[in-house]
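I set out to record backbone outliers, strand pairing and solvent exposure for this chain. My entries follow in the order in which I looked things up.

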Amino acid sequence: MALVIKSANLWDGTGSGVQTNMGIVMENGKFTKIAPCPEVIPQEGDQVIDVGDRFVMPGMIDSHVHICMTGDPKDLAESQNATDAYTALVGADLIRKDLEAGFTTVRNMGTKNFIDQSVQKAWKEGKIKGARIITSGPCITMTGGHGWMGGLQSDGEDECRKNARLLLRNGVEVVKIMATGGVMTPGVEPGSPQLTEAEIRAAVEEAHKAGRKTATHAQGTEGIKNAVRAGIDSVEHGIFLDEELLVMMKERNTALVPTLVAPWHINQGGVAAGIPAYAVEKSMRVAESHMKSFNMAVKAGLTIALGTDAGTPLNFHGDNALELQLMIENGMTNEQALLATTKVASQVIDRAHQLGTVEVNKLADLLVVDGNPLEDIQALVKKTAIQYVIQNGKVVHTR
């Protein structure tokens, strides 16, 4: 039995304009026909949804989340001591929230003890409903470096290489490497380099040999340059970019995943919301540079994918689309932002052959939305505007 969408104003994510009165047929989890409605004739037994000229677009992708972090400031310390079983249950609930907000796929960016793989297994077996997960397992960090509490502490090229191989042995789909300090780890500076270029390169080489992408938490300029020279595939955050970096990243097609919303939430809530003072102080300090660097990256034409860092303080799963609003407020057009969470994001997470656009033979992830996000992004930010979420050719959430 096929699922058929009729009367769609289709924005397919390929870069073409909106196509009116379109029909979309989905069978066996994939798009099988996309054509003007008169050419789409449902068969007996098909499930047909007439969307009444609503806006239809690909399922969104969040390229940077923490699937086992809730965003509640009081959970920051508690989560480090929680059992793996409890943490997996939390993760199952959080990917459900991502899905209901229209994010049919998320890329995890760091989880202790490979818990993301357990959650992914439950999702693949149909035991839970939620966003499709690209797994990372724990990150590679220097001893005492950013994220050390749940990461693989590594010193020297050999340890970085071995831990990359350990991640690959366990089946992770992206290797995350910590190139600099960050906001949320006490006692480290966001701008300071941590793992060296040679250490990063060792891990990158192992990932690339296995056909896996790499991503780096990288905020300070020198650390970002180390990672880019080492061959990293995407820079997460990129708070302190400079002109030399823009050229380096453009030449190497190194993607940027800016996560503008992560420090924004910390700065909005502050200590009064229960966020540790050290994190608020650092976040406030980097805020202006973060927005400036993002605007520079947009103007330079870098590859930019949406990522939220969902799970950091007050950065709740399900509110992911606020990142779209901040991207637009800081230099992107509405269409550029939508592409950043669909087609471009699929490329950055290495799933362009399956996701990101509405095309025949791709996985059938689709949103039906009241309003036109190309004109007003609030149609996505306000989750109530999303009428249907379709994943793998099945309706998984309705309003």
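Before assigning exposure classes, I noted the cut-offs: a residue is buried under 20% relative accessible area, exposed over 50%, and partly exposed in between. I also noted that the model is a predicted one.

Entry 1, threonine 196. I looked up its relative accessibility and found 38%, so threonine 196 counts as partly exposed. I located threonine 196 in the loop between β11 (174–178) and α5 (197–209). I then took the separation of its C-alpha atom from that of glutamine 387, and the value is 47 Å, for two residues 191 positions apart along the chain.

Entry 2, strands β1 to β3. How many bridges join β1 to β2? I counted five between β1 (residues 3–10) and β2, and the two strands run antiparallel. Within this pair, valine 4 has valine 25 of β2 as its bridge partner. I next followed β2 to strand β3 (residues 30–36), where six bridges link the two in the antiparallel sense. Here methionine 26 is matched with phenylalanine 31 in β3. The hairpin of β2 and β3 has two residues between the strands, and I noted a positive phi near 50° for asparagine 28 in that hairpin.

Entry 3, asparagine 21. I stayed with β2 (residues 19–27), since asparagine 21 is found in that strand. Its phi is near 50°, a positive value in a residue other than glycine. Is asparagine 21 buried or partly exposed? I read a relative accessible area of 35%, so asparagine 21 is partly exposed.

Entry 4, asparagine 392. I found another positive phi, of about 55°, at asparagine 392, which is not a glycine. This residue lies in the loop between β16 (386–391) and β17 (394–398). Its relative accessible area is 26%, and I therefore entered asparagine 392 as partly exposed.

Entry 5, the parallel sheet. I traced an open sheet of three strands, in the order β6-β7-β8, with parallel pairing. Which strands stand at its edges? I identified β6 (60–65) and β8 (132–134); each has a single partner strand, so one side of each is left without a neighbour in the sheet. From one strand to the next, the twist averages 20°. I then examined β7 (residues 103–108), which is joined to β8 by three bridges in a parallel arrangement. In β8, isoleucine 133 stands opposite valine 106.

Definitions and conventions. Residues numbered from 1 in each chain as written. Predicted model: local features only at pLDDT ≥ 70, side-chain atom pairs only at ≥ 80, totals over all residues. Heavy atoms only, no water. Helix = DSSP H or I, 4+ residues; strand = E, 2+ residues; numbered from the N terminus. Buried < 20%, exposed > 50% of the residue type's maximum accessible area, 1.4 Å probe, protein only. Pairing = 2+ DSSP bridges. Axes fitted to C-alpha atoms, helices over the stretch in contact; angles between N-to-C directions.
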